[in-house]
Amino acid sequence: MQVKPVILSMMFFLILPLLTGCWSKVEVNDVAIVTAVGLDKTDKGKIQLSLELAVPRLLGVTNQSGGEKLEAKAGWILSAEGETILEAYRYIQQKVQRKIVFYHSKVIVIGEKLARSGVLPVLDFFERYKQSQIKSHILFAKGKAVDILEYNPVFEKLSSEIMREEAKSKKNVSVRLLQFMDMLVSPGNTPMAARVQLIPAQTDKNSGESDPGISKISSLSVRGAAVFHKDQLIGWLNETETRGAMWLKNRMKDAVTTAEVPVEKGGGRISAQVHTASTKYHTLAGTKGIRITVDPYAEISIFENTSKLDMSSPKDLEYVRTLVTEDVKARIELVCREAQQGYKKDILGFGHIIYRQHPKQWNKSYAKEWEKLFPEVPINITPHITITQVGLTNKSIELE
């Protein structure tokens, strides 16, 4: 009889956690969900915070007069200025009856003016704020971030959806906030992130005016890259230069490379799909100075052949491999030349490679003088290309 109270007590304590209610839960109808964050710097030096808030009732399909109609945009853009991000956020919260939450925010866009003044102070907010956004994609706008958020997409309901899908695709530089901050603080490293911009609609060549029935902005483009010196934006890379940088950053995936066949060889083009790619570095750091050798490796498949070359011929196949090798080398050399002769700064992170391979020499001899040394450092590019497939036919289609 004395055992029963003990058993009842144990059962009570086991069941007790199951009886607790969700006292701290927040209903969906009580929150305003942020899908993208935009940051700009005003002419007065203040921070302009812009938030894209999802409007749930506009996310689906509405029924009108027995038919279905898609809403044009399901985002509500709110902006406010403040001395800090937190101050601007409070002003926005005062405009909204629901509690603003950042849990579903996947994109952070920083305007050009703010980026050129230095991004470290504004990134501090995202590192400390309790609703973490360190997994968000970070993009830099060529212009104002608020203009990017206000873009009215054609196929998607939210501009953030376009940016998120483009940012995470294998065709572009994909950098999340945590990766960006890690590059900022790594010795000898420099950050790089995707560039986002609005592309104007094409104008009529005769009149010089765009079609009045078409939006002045035709598309939102996530192409090219923003390059930094320390935490300040110093310029942009075009799409070709960005491809070369992605080879160097070991981020080249699912790429296409096209090589021109000389006229004396019959002309035409060879297009190949890059399946696997990796880059290795060999550095020499000693009394005779620094030398850097870059070895890109790739396996490719020939997808298009408009030349007279025969893919069944070992000689022609080796020639094609040489052409693709030269094309890859030219792309990487282009961005290296832009870094050394154009910007004269290590925007590609070669210093970080030397630091990892020769930490003692870096700290002793190169860390303080790297900016002066980098423009003169010899960089040798040696691609290693392997052709794995040539398609179902060996020769291009010809008419008799």
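In the predicted model, helix α10 (residues 350-357) and helix α11 (residues 359-366) are oblique to each other, since their axes come within 5 Å and cross at roughly 120°, an angle that falls outside the range of 65 to 115 degrees counted as roughly perpendicular and is not over 145. On the side of α10, the contact is made by Gly 351, Ile 354, Tyr 355, Arg 356 and Gln 357, and these residues meet Pro 359, Trp 362 and Asn 363 of α11. By class, the residues of this contact comprise four nonpolar, three polar and one charged.

A second helix pair is formed by α8 (residues 239-248) and α9 (residues 314-343), whose axes come within 8 Å and cross at roughly 100°. With 65 to 115 degrees as the range for a roughly perpendicular arrangement, α8 and α9 are therefore assigned to that class. Helix α8 contributes Thr 240, Glu 241, Arg 243, Gly 244, Ala 245, Trp 247 and Leu 248 to the contact, while α9 contributes Val 328, Arg 331, Ile 332, Leu 334, Val 335, Cys 336 and Glu 338. Eight nonpolar residues take part in the contact of α8 with α9, together with two polar and four charged ones.

The largest pocket holds about 350 Å³ of space. Its lining consists of 17 residues, of which Gly 188, Asn 189, Thr 190, His 229 and Lys 230 are the closest to the centre of the pocket. Helices α7 (177-185) and α12 (370-373) each supply at least two residues of this lining, and the lining as a whole divides into seven nonpolar, five polar and five charged residues.

Confidence in the model varies along the protein chain, for which the average pLDDT is 83, with 80% of the residues scoring at least 70. The highest confidence is found in helix α3 (residues 112-117), at a mean of 97, whereas the lowest is found in strand β4 (residues 67-70), at 47. Residues 62-70 have a pLDDT below 50, and this stretch has 10 contacts in the model beyond near neighbours in sequence. The pLDDT likewise stays under 50 over residues 203-215, a stretch for which the model has six contacts beyond four places in sequence.

Methods: Residues are numbered from 1 along each chain as its sequence is written. This is a predicted model: local features need pLDDT of at least 70, side-chain atom pairs count only at pLDDT 80 or more; totals for chains, interfaces and linings use all residues. Side-chain values use heavy atoms; hydrogens and water are left out. Axes are lines fitted to C-alpha atoms, for helices over the stretch in contact, and angles run from 0 to 180 degrees between N-to-C directions. Helices (H or I, at least four residues) and strands (E, at least two) are DSSP runs, numbered from the N terminus. Angles under 35 degrees count as roughly parallel, over 145 as roughly antiparallel, 65 to 115 as roughly perpendicular and the rest as oblique. Contact means heavy atoms within 4.5 Å. Ala, Val, Leu, Ile, Met, Phe, Trp, Tyr, Cys and Pro count as nonpolar, Asp, Glu, Lys and Arg as charged, and the others, Gly among them, as polar. On a 1 Å grid over the protein atoms alone, a cavity is a set of points where a 1.4 Å probe fits but cannot get out, and a pocket is an open set with protein on both sides within 12 Å along at least five of seven lines; lining residues have an atom within 4 Å of a point. Grid points are joined across faces, edges and corners, and a volume is the space filled by probe spheres set on the points. pLDDT is the predictor's confidence in each residue, from 0 to 100.
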